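Reader: I am new to this structure. Please give me a close look at one part, the places where the ligands sit.

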Amino acid sequence: MPLTPIAGTPDPDGGDCVACGRCCHHEPNTVHLLESDDDRLGPDLLAEYTVLDKRPPGWRFIKNAGERCGALDVSAPGLYPCAIYERRPEDCRIVEPGSPCCLEARQLGHLGTSVEFRRIV
Ligand code: SF4
Ligand code: SF4
């Protein structure tokens with residue numbers, strides 16, 4: 001389920017992100033990996049958190065867990081830390097707190113379309 005909307009502009013330094021997590025709620029095959037992401041994650045995290053799309057050109061994506069990213073740690077109610085934050089993909093790094101994409105995600109309760117990467121269908 002999408003989360004409820006959050007009003008207001010978040011801390012630009014990311015101080016509100018763990019209590020938000022809206023942009024980490026999205027459909028499968030949304031966060032794709034570059035070669036540099038593969039290298040940063042390493043074989044163990046790639047095996048745990050990513051999946052190869054069978055269709056050409058064979059993109060690798062972060063796995064989903066229902067309607068959210070599979071790397072989102074939801075073990076503590078109301079908190080949404082990224083389990084691979086230091087090694088998260090470039091797709092995630094371009095979503096800056098307070099950006100149009102961020103504000104849209106906070107309004108919708110999930111990732112919207114105001115972002116440079118799109119789900120590949
Ligand atoms: S939607 Fe914005 S405030 Fe919320 S987690 Fe993403 S970047 Fe942070
Ligand atoms: S990898 Fe981390 S930052 Fe990126 S969508 Fe998943 S939980 Fe969010």
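**The ligands and what lies around them**

Author: Ligand 1 takes up the space of the largest pocket. Keep in mind that this is a predicted model. Around ligand 1 stand Pro10, Cys17, Cys20, Gly21, Cys23, Pro97, Cys102, Ala105 and Arg106. By class, seven of these shell residues are nonpolar, one is polar and one is charged. Gly21 counts as the polar one. Arg106 is the charged one.

Now turn to ligand 2. The space it takes is also the largest pocket. Its shell is made of Cys24, His26, Cys69, Ala71, Leu72, Cys82, Ile84 and Cys92. Seven are nonpolar, one is polar and none is charged.

This shell leads to the core. Cys69, Ala71 and Ile84 surround ligand 2, and they are also among the residues of the largest nonpolar core. That core has 10 residues in all. Val31, Leu33, Leu41, Leu45, Leu46, Tyr49 and Ile62 belong to it too. Helix 1, residues 35–49, gives the most to this core, with four residues. In soluble globular proteins, nonpolar side chains tend to be buried together.

Look closer at Ile84. Beyond its neighbours within four places in sequence, Ile84 is in contact with Leu41, Leu45, Tyr49, Ile62, Ala71 and Pro89.

One last stop is Gly78. Gly78 is in the loop between strand 4 (68–69) and helix 2 (90–93). Gly78 is partly exposed because its relative accessible area, 43%, falls between 20% and 50%. Outside its neighbours within four places in sequence, Gly78 is in contact with Val18 and Ala19.

Conventions:
Residues are numbered from 1 along each chain as its sequence is written. Chains are lettered from A and ligands numbered from 1 in the order in which they are written. This is a predicted model: local features need pLDDT of at least 70, side-chain atom pairs count only at pLDDT 80 or more; totals for chains, interfaces and linings use all residues. Side-chain values use heavy atoms; hydrogens and water are left out. A residue is near a molecule or strand if one of its heavy atoms lies within 4 Å of it. On a 1 Å grid over the protein atoms alone, a cavity is a set of points where a 1.4 Å probe fits but cannot get out, and a pocket is an open set with protein on both sides within 12 Å along at least five of seven lines; lining residues have an atom within 4 Å of a point. A molecule sits in a cavity or pocket if more than half of its atoms lie within 2 Å of its grid points. A nonpolar core is a set of buried Ala, Val, Leu, Ile, Met, Phe, Trp, Tyr and Cys residues joined through side-chain atoms within 4.5 Å. Buried means under 20% relative accessible area, exposed over 50%, partly exposed in between (1.4 Å probe, protein chains only). Helices (H or I, at least four residues) and strands (E, at least two) are DSSP runs, numbered from the N terminus. Contact means heavy atoms within 4.5 Å.
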